[in-house]
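Reader: I have a new model open and could use a walk through it. Can we take it in small steps?

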Amino acid sequence: MPTRSKALLFALGAGCAGFALNGVEMPVFGGTALLFGGVMSLLVAYVYGPWLGALAAFVAFSKTWLEWQHPTGLICYTLEAVAVGWLSRRTKRPALRASLFYWTLIGTPFAWAYINFLTPAPFPANWAIVLKYPINGMLAAALALPAATSTRFRRWLQVPQLDYSTEPLGQVLF
């Protein structure tokens, strides 16, 4: 079992790696870009839970606040780490389904309200930004999941292995 300090250091290190990854942008939808720092924060959320995931997300997405001068990305992706970490641990909801649940019920409506009312953006840009958030979040969740469930990675972190023996094969493969 890992110590709390090791888990905290891993979360901070993953947040710093996410900060660096958020410097690598993939342009989509005209003026918006996909960011890859969410992979690191969701990896922490899957392995160590919602609060350390939120810490990693806060560190990683503070870069977006500094660059964009508005906290939408920081808030959305920090809340995503909390929600996905909590849903996948407490309710045993599959990780990708937990991410989809978050973006459908919380993340996208929040981003839409913030972008359209608090920082009004011109027409096509506002919808591009709102559509980018859930796509970016789901992509990050899909990229983080294989590492989070990897036996070698979990052994390296000294966290318990996941037990899939009672789940149907279709659920595990999904």
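Author: What follows goes from the overall layout to the cores, one residue and a pocket.

Author: This is a predicted model, where local features need pLDDT of at least 70, side-chain atom pairs count only at pLDDT 80 or more, and totals for chains, interfaces and linings use all residues. Residues are numbered from 1 along each chain as its sequence is written, and side-chain values use heavy atoms, with hydrogens and water left out.

Reader: How many helices and strands does the protein have?

Author: There are eight helices and two strands, taken as DSSP runs numbered from the N terminus (helices H or I, at least four residues; strands E, at least two). From the N terminus on, the order is α-β-β-α-α-α-α-α-α-α.

Reader: What share of the residues is buried?

Author: Of the 174 residues, 45% are buried, meaning under 20% relative accessible area with a 1.4 Å probe and protein chains only.

Reader: Which residues have the most contacts inside the largest nonpolar core?

Author: Tyr46, Val47 and Tyr48 do, in a core of 25 residues. A nonpolar core is a set of buried Ala, Val, Leu, Ile, Met, Phe, Trp, Tyr and Cys residues joined through side-chain atoms within 4.5 Å.

Reader: And which helix gives the most to this core?

Author: That is α2, with eight residues. As for Val47, leaving aside neighbours within four places in sequence, its contacts (heavy atoms within 4.5 Å) include Arg89, Ala148 and Phe153.

Reader: Changing topic, where does Thr78 sit?

Author: Thr78 lies in helix α4, residues 72-90. Thr78 counts as buried because its relative accessibility is 15%.

Reader: What does Thr78 touch?

Author: Not counting residues up to four places away in sequence, Thr78 touches Ala54, Ala57, Phe58 and Gly73. A polar atom of the Thr78 side chain also lies 2.7 Å from the backbone oxygen of Leu74.Reader: Last one: which residues line the second largest pocket?

Author: The lining includes Glu25, Trp68, His70 and Lys132, and α6 gives the most to it, with three residues. A pocket is an open set of points on a 1 Å grid over the protein atoms alone where a 1.4 Å probe fits, with protein on both sides within 12 Å along at least five of seven lines; lining residues have an atom within 4 Å of a point.

Conventions:
Buried means under 20% relative accessible area, exposed over 50%, partly exposed in between (1.4 Å probe, protein chains only).
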